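Visitor: I would like a close look at a single part of this structure, taken slowly and with its surroundings included. Please walk me through one helix from its start to what follows it.

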Amino acid sequence: MNRWKLYNPNPRGSNVGDCTVRAISKALNQDWETTYAGLSFMGFSLSDMPSANHVWSAYLRRKGFRRHLVDDHNQDIYTVRDFCEDNPKGTYILAIDGHVVCVQDGYYWDSWDSGNEIPIYYWER
């Protein structure tokens, strides 16, 4: 079963290293601009870039999310697709090495098929 849903709310349709903005906008049901502005303000207040892990983590924490480590279920490789199958309900933000993706109700929403990527930790509300 294909669990990937194409999602790119970038106003210009660009895929420009804004995966954090895209994932959080989907999870919070906000437009790209609102999410970008919120992350930028958080980055300004913490003196760092909006895409820095501790900046978007602080933003999610303020929005009621909690962070968890991914349980690999004793598998050698545990992917975004596996996470979706194990979590058919709920909204999650998955942190991958160099990428961030939103999972909602068993589907991952991204501008490209990141289903084979390996999540390290996730945020849940």
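Guide: Asp 31 caps the N-terminal end of helix 2 in this predicted model, with one of its side-chain oxygens placed 3.3 Å from the backbone nitrogen of Glu 33. From there helix 2 takes in residues 32–46, and because a rise of 1.5 Å a residue predicts a span of 21 Å for these 15 residues, the 21 Å found between its end C-alpha atoms agrees with that expectation.

Along helix 2, the buried residues are Trp 32, Thr 35, Gly 38, Leu 39, Met 42 and Gly 43. Viewed down the axis of helix 2, these buried residues fall within an arc of 140°, which means that they line one face of the helix. The spacing fits a general rule: an α-helix has 3.6 residues a turn, so residues three or four places apart point the same way.

As for what lies over that face, the cover on the buried residues of helix 2 includes helix 1, residues 19–28, and helix 3, residues 53–62. The face turned away from the buried side of helix 2 has another character, since there Phe 41 and Phe 44 are exposed; for a residue to be called exposed here, its relative accessible area must be over 50%.

Finally, just after helix 2 comes Ser 47, whose phi is positive, at about 55°.

Notes
Residues numbered from 1 in each chain as written. Predicted model: local features only at pLDDT ≥ 70, side-chain atom pairs only at ≥ 80, totals over all residues. Heavy atoms only, no water. Helix = DSSP H or I, 4+ residues; strand = E, 2+ residues; numbered from the N terminus. Expected span 1.5 Å × (residues − 1). Buried < 20%, exposed > 50% of the residue type's maximum accessible area, 1.4 Å probe, protein only. Arc of directions from axis to C-beta. Contact = heavy atoms within 4.5 Å. Polar contact = N/O pair within 3.5 Å; in protein donor to acceptor, adjacent residues only side chain to side chain.
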